[in-house]
Structure formats: C-alpha cells, structure tokens
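Trainee: I have a model open and I'd like to learn how to read its helices. Can you walk me through a few features?

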Amino acid sequence: MNFLELAKKRQSVREYLEKPIEREKIEHCLEAAQLAPSACNSQPWKFIILDDKKIRKAVAEETFGKIFSFNHFTMQAPVLVVIITEKSSKKAQIGEVLKNKTYNLIDIGIATEHFCLQAVEEGLGTCILGWFDEKGIKKILNIPKNKQVNLLITLGYPAKNEIREKKRKNLDEIRYYNNYPH
C-alpha cells in the first residue's frame with residue numbers, strides 16, 4: 001500500500017470486534033511511533049499498553065461521564081494506549097521558550113499518527129482521544145503527578161471494513177504558494 005492509500009484508509013474507529021490483538025502487531029505500531037521525528041531528538045513520549053481487561057475497563061471509564069458520554073466505545077476496544085508526554089531535551093526546551101512553541105506536544109502528535117498509520121497497515125483500527133479524566137487515569141496507572149497524559153488511542157480490529165468518505169476542505173482552501181493571501 002502506498003502512503004496516500006494508507007492515509008486515506010486511516011480513520012477514527014469507534015466499533016471493534018471482540019478479538020485480541022497479537023502482541024507482534026502492537027510492537028510494530030510502537031516501533032513506528034519510536035521512529036517518529038522529534039525536536040532535538042528528545043523523543044518525549046512513553047506508551048502504556050493496556051490489554052488487561054480489568055485495567056483497560058477502569059481507564060476506559062475515565063473517558064466519559066454522566067454529562068459527556070460520547071466515548072463509551074472505549075469500553076469495547078481490546079487495547080487502550082496511554083501516551084505520557086515527557087519533557088523535551090534541555091536544548092528543545094530552550095527553543096520552546098524562544099519560539100513560543102510546545103515542541104513535546106507536536107512531537108507526541110507525530111508519534112501518535114505514526115502509531116495509527118502502522119495500525120492501519122496491520123489491519124487494525126484506532127481512535128485518538130483527548131477527552132478523558134487525566135487525574136483518574138494517572139491514579140489507576142500510578143503515573144507520577146509531574147507527568148502528563150495528553151492522548152489515548154483505542155486499538156482493535158474494526159467491526160466494519162468500510163472506509164467512510166473523508167470530509168475535508170478542498171486543497172484550494174488550504175494551499176497557498178509563496179505567500180499568504182490577503
């Protein structure tokens with residue numbers, strides 16, 4: 001599969017089969033994330049793979065509440081991946097201050113997408129989540145208070161094989177050459 005085909009196939013999956021995922025496939029996804037570029041090669045990420053049913057359920061329950069219940073699908077994902085954001089290297093931290101950019105968040109975004117694209121290659125589906133109770137997840141997984149959990153990924157075999165049509169802006173709406181139009 002070429003890269004554009006892979007990118008077109010990647011989508012947010014919210015319905016999974018009750019089928020365990022082979023560790024080898026998970027390791028391939030982690031390997032892809034490990035290869036992601038990062039500011040000053042900081043690699044400011046850690047991944048906690050949750051495939052234990054009890055722990056996974058406890059963490060999944062932290063992704064929705066009584067008021068906002070849109071993440072209930074996390075309960076059926078056979079694997080949850082918790083992404084811990086580490087501090088960037090000292091050199092990158094100086095750059096963050098000088099350039100007013102949060103490089104470690106950019107870096108985990110790149111690593112997360114590498115993980116998700118490899119999952120597609122493995123025949124798996126993913127959904128990246130930013131809505132969850134970070135304190136609750138940190139408590140369940142014994143994550144130190146000074147660490148950040150910025151993203152979760154659901155991972156599993158999609159219940160449906162159809163690829164939804166992507167609703168994206170037209171290239172003419174997002175592309176400019178040589179300057180920004182006024």
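**Reading the helices**

Mentor: Sure. This is a predicted model. Let's begin just past helix 5: Gly-123 comes after that helix, and its phi is positive, near 85 degrees.

Trainee: Which residues of helix 5 are buried?

Mentor: Quite a list: among them are Tyr-103, Asn-104, Asp-107, Ile-108, Ala-111 and Thr-112, and further along Phe-115, Cys-116 and Leu-117. As for length, the 19 residues of helix 5 should span 27 Å at 1.5 Å a residue, and this agrees with its end C-alpha atoms, which are 27 Å apart.

Trainee: How do I read the sides of a helix?

Mentor: An α-helix has 3.6 residues a turn, so residues three or four places apart point the same way. Now take helix 2, where Lys-25, Ile-26, Cys-29, Leu-30, Ala-32 and Ala-33 are buried. These residues cover an arc of only 155 degrees around the axis, so they sit on the same side of helix 2. Arg-23 and Glu-24, on the other side, are exposed.

Trainee: What do the buried residues of helix 2 pack against?

Mentor: Their partners are strand 1 (45–50), strand 2 (79–85), helix 5 (103–121) and strand 4 (148–156).

Trainee: Lys-46 is in strand 1. Why does Lys-46 count as partly exposed?

Mentor: Because its relative accessibility is 47%, and partly exposed runs between 20% and 50%. Leaving aside neighbours within four places in sequence, Lys-46 is in contact with Val-82, Ile-83, Ile-84 and Glu-86.

Key:
Residues numbered from 1 in each chain as written. Predicted model: local features only at pLDDT ≥ 70, side-chain atom pairs only at ≥ 80, totals over all residues. Heavy atoms only, no water. Buried < 20%, exposed > 50% of the residue type's maximum accessible area, 1.4 Å probe, protein only. Helix = DSSP H or I, 4+ residues; strand = E, 2+ residues; numbered from the N terminus. Arc of directions from axis to C-beta. Contact = heavy atoms within 4.5 Å. Expected span 1.5 Å × (residues − 1).
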